[in-house]
Amino acid sequence: ITFSSGVQTAGTCPSDIHPDDLLSRSRAEDRAEFIYDRDPNLVARFHADSGNYVLKWFGWRHGIHPYLSPTFPSRAWASWLCAQALKKAGVNTPEPVWVYTRRERGRILENLYLTRAVEPQRSLRAVLKVAPPEEAIPILENLGQSLARMHNEFSIVI
């Protein structure tokens with residue numbers, strides 16, 4: 001349990017994106033090039049001179065969650081740490097760029113995670129729908145090997 005107040009951050013917000021444009025959910029929505037999801041989390045794509053980015057601005061699933069937030073790390077930090085472990089395990093994952101959590105008396109007020117966008121943007125489901133079996137099988141084998149590496153790494157980390 002934490003009752004601390006303040007900001008916890010890692011990585012660096014790109015110099016051509018003003019942090020205030022990301023820290024305010026409404027400003028982030030206005031600046032977004034494309035919005036993937038709005039409820040309860042905002043997941044949005046941004047373009048900047050330094051590249052394309054995806055922001056996940058974590059929202060609350062239930063009204064009690066802000067009051068419980070002093071009892072757990074922010075979901076943005078969990079995502080940041082998971083991405084670091086995945087990269088260490090050799091899993092190809094979006095590059096983590098910046099994580100930001102602001103707490104007041106332990107309660108999480110802002111909670112966001114920024115990554116580089118993956119190009120091209122296609123879900124595994126979309127790829128497998130159109131891939132012939134000779135292309136789908138190596139993709140699934142690679143996925144299985146990556147998951148095995150990830151589980152082996154996490155068993156060490158945890």
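How accessible is Glu33, in relative terms? I looked that up before anything else: Glu33 comes out at 48% relative accessibility, so I'm logging Glu33 as partly exposed. Note to self: this is a predicted model.

**Glu33 and its partner.** I checked what Glu33 pairs with and found a salt bridge to Arg45, with the closest N and O atoms 3.0 Å apart. Glu33 sits in the loop between H2 and strand E2 (34–37), while Arg45 belongs to strand E3 (residues 42–48), so this pair ties together parts 12 residues apart in sequence. I then looked up Arg45, and at 8% relative accessibility Arg45 counts as buried.

**Within H2.** Next I went to Arg25, which forms a salt bridge with Glu29; the closest N and O atoms there are 3.6 Å apart. Both residues are in helix H2 (residues 25–31), and because they are 4 residues apart, about one helical turn separates them. Glu29 is partly exposed, at 24% relative accessible area.

**Asp21 and Arg27.** I also pulled up the salt bridge where the side chains of Asp21 and Arg27 meet, 2.8 Å from N to O. Which end is buried, and which is partly exposed? Asp21 is the buried one, with a relative accessible area of 17%, which falls under the 20% cut-off. Arg27 is partly exposed at 40%. I followed this pair further and found that Asp21 and Arg27 are linked with Arg31 in a network of salt bridges.

**Tally.** Last, I ran the search over the whole structure, and it gave 8 salt bridges. Among them are Glu33 with Arg45, Arg25 with Glu29, and Asp21 with Arg27.

Notes: Residues are numbered from 1 along each chain as its sequence is written. This is a predicted model: local features need pLDDT of at least 70, side-chain atom pairs count only at pLDDT 80 or more; totals for chains, interfaces and linings use all residues. Side-chain values use heavy atoms; hydrogens and water are left out. A salt bridge is a side-chain nitrogen of Lys or Arg within 4 Å of a carboxyl oxygen of Asp or Glu. Buried means under 20% relative accessible area, exposed over 50%, partly exposed in between (1.4 Å probe, protein chains only). Helices (H or I, at least four residues) and strands (E, at least two) are DSSP runs, numbered from the N terminus.
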